[in-house]
Amino acid sequence: MKPRIWLSLAHMCGREQEFIQEAFDTNWVVPLGPNVNAFEEVLRDFLIENGELKIKNEDKRVVALSAGTAALHLGLILLGIEEGDEVICQSFTFSASANPIAYQGATPVFVDSEQDTWNMDPGLLVEAIKDRLEKIGRLPKAIIPVHLYGMPGRMDEIMEVANRYGIPVLEDSAEALGSEYKGRKCGTFGEFAALSFNGNKMITTSGGGALVCPCEERAKRALFYATQAREQAPHYQHEKIGYNYRMSNICAGIGRGQMFVLEDHVARRREIHDLYVRLLDGVKGVKVMCQPEGGDFNSNYWLTCITVEPEVAGFTREDVRLALDADNIESRPLWKPMHLQPVFKNAPFYGNGTSERLFEVGLCLPSGPTLVNEDIERVVQVVKELVR
Ligand SMILES: *Cc1c(COP(=O)(O)O)cnc(C)c1O
């Protein structure tokens, strides 16, 4: 049996254990502490670092949490989402983008993707907003666009629509740490943004996430809800429902170490993507998803994805997946759109067929930073053998 090639494995830089050891030595084995504060600071610096845009983003604050899902949930709470509200969400995504809408007793309204980025179609977004206004007489209370597989969405257009209707944006940047749109980091466009540090994301804290907040005051509010909503009093006083969503000082230690390799990981994932493009060039019916030309989009290429047009290729996406599996290589179909998920079958949907088609023909290929070029060549070899 050939060695297993995984889709996306975590990779430690080696310094993670220093920070964990420090936490043990100083007895900060709790969901707050020096690692949590320092991790938030480096994340913030990373997000707002770019040149003149720094001024624009300087007020942003990062709150480290137990998961990206918790970040999305708190974002919705801070935006005042309540029972009976509607929240627009990209349909083509992981369920964690949409579940927190249901946690709040609100209704997700799903919007389809556009062809170039596979992310929220700004035209359909307008259509959805207008139609909801007409049908229920109220505007959706928030918009959740996603930078899927690290590819930035069309944020200029999405923000323009959101601002026109005065609807706040909660950016799902769980897969897009290090990606940029027009020189600005993903996670800094919306009023709030969610990051994820789960095991297979750009960096990991073994499990964790963060909420990017617009200012100190909002960050304090996020922290309040994330730590059981304790009011100021010597005893335990509660006027709001709280959550236990804070990141532990141990996990944050891993995160601090991971920040030293983030840039390398982004560079390596981009290299892997370019290698796939080069090696799969000329294979009829198989296309590697690439960012739109022109320089506005700079994906971290968290995962390299391909589409397989069976009429042209002579084989299907599923043939590729099974052939890879037989060679001990992990791959996965693209996200099944939320509007096709049984759990969301009653949610309104504004579609154009894009995500349904992508779900049929798309596949994520192994893309982790620990892969060597020979691994990528092995993956491509399996695809090429299907041609014959
Ligand atoms: C991973 C992911 C999340 C959730 O993050 P967790 O840290 O796993 O809770 C949310 N949205 C998208 C698009 C993701 O890929």
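This section describes the domains, the ligand site and selected helices, strands and loop residues of a predicted model.

The domain assignment divides the protein into domain 1, residues 16-261, and domain 2, residues 263-387. The C-alpha centres of these two domains are 26 Å apart. Across the boundary, 46 residues of domain 1 make contact with 38 residues of domain 2.

The ligand is surrounded by 16 residues, of which Thr69, Asp172, Glu175, Ser196 and Lys201 come nearest. By class, the shell around the ligand consists of six nonpolar, seven polar and three charged residues. Helix H4, residues 68-78, gives the most to this shell, with three residues. Polar atoms of the protein approach oxygen atoms of the ligand at several positions, including Gly68, Thr69 and Asn198. For Gly68, the atom concerned is a polar backbone atom, 2.8 Å from a ligand oxygen. For Thr69, a polar side-chain atom lies 2.5 Å from an oxygen atom of the ligand. In the case of Asn198, an N or O atom of the side chain is found 2.8 Å from a ligand oxygen. The accessible area of the ligand on its own is 380 Å², and the protein covers 95% of this area.

Helix H4 is largely enclosed by the rest of the structure, because ten of its eleven residues are buried. The buried residues are Gly68, Ala70, Ala71, Leu72, His73, Leu74, Gly75, Leu76, Ile77 and Leu78. Gly68 is thus among the buried residues of H4 and also places a polar backbone atom 2.8 Å from an oxygen atom of the ligand. His73, also in helix H4, has a relative accessible area of 3% and is therefore buried, the limit being under 20%. Apart from neighbours within four places in sequence, His73 is in contact with Pro100, Tyr103, Gln104, Tyr243 and Tyr245. After H4 comes Gly80, which has a positive phi near 75°.

Helix H9, residues 249-258, is also mostly covered, with nine of its ten residues buried. The buried set comprises Asn249, Ile250, Cys251, Ala252, Gly253, Ile254, Gly255, Gly257 and Gln258. These buried residues pack against three helices: H1 (16-25), H2 (34-48) and H10 (262-280). At the start of H9, a side-chain oxygen of Ser248 comes to within 3.1 Å of the backbone nitrogen of Ile250.

Two strand residues, Glu86 and Lys287, were examined individually. Glu86 is located in strand S2, residues 86-90. Its relative accessible area of 7% is under 20%, so Glu86 counts as buried. The side chain of Glu86 forms a polar contact of 2.8 Å with the side chain of Arg132. Arg132 also appears among the contacts of Glu86 outside four places in sequence, together with Thr107, Val109, Ile136, Pro140, Lys141 and Ala142. Lys287 is located in strand S10, residues 286-288. With a relative accessibility of 59%, above the limit of 50%, Lys287 is classed as exposed. Not counting residues up to four places away in sequence, Lys287 touches Cys305, Ile306 and Thr307. Lys287 and Tyr243 are 44 residues apart along the chain, and their C-alpha atoms are separated by 44 Å. Tyr243 is one of the residues in contact with His73 of helix H4.

Positive phi values in residues other than glycine occur at Ser206 and Ala229. Phi of Ser206 is near 80°, and this residue belongs to the loop between strand S8 (192-196) and strand S9 (209-213). Ser206 has a relative accessible area of 51%; because this is over 50%, the residue is exposed. Phi of Ala229 is near 50°, and this residue is placed in the loop between helix H8 (216-226) and helix H9 (249-258). Ala229 is buried, with a relative accessible area of 0%. The two residues therefore fall into opposite accessibility classes, Ser206 being exposed and Ala229 buried.

Key: Residues are numbered from 1 along each chain as its sequence is written. This is a predicted model: local features need pLDDT of at least 70, side-chain atom pairs count only at pLDDT 80 or more; totals for chains, interfaces and linings use all residues. Side-chain values use heavy atoms; hydrogens and water are left out. A residue is near a molecule or strand if one of its heavy atoms lies within 4 Å of it. A polar contact is a pair of N or O atoms within 3.5 Å; within protein, one must be able to donate a hydrogen and the other to accept it, and residues adjacent in sequence count only if both atoms are side-chain atoms. Accessible areas come from the Shrake-Rupley method with a 1.4 Å probe; for residues, only the protein chains shown count as cover. Helices (H or I, at least four residues) and strands (E, at least two) are DSSP runs, numbered from the N terminus. Ala, Val, Leu, Ile, Met, Phe, Trp, Tyr, Cys and Pro count as nonpolar, Asp, Glu, Lys and Arg as charged, and the others, Gly among them, as polar. Buried means under 20% relative accessible area, exposed over 50%, partly exposed in between (1.4 Å probe, protein chains only). Domain bounds come from an automatic or database domain assignment. Contact means heavy atoms within 4.5 Å.
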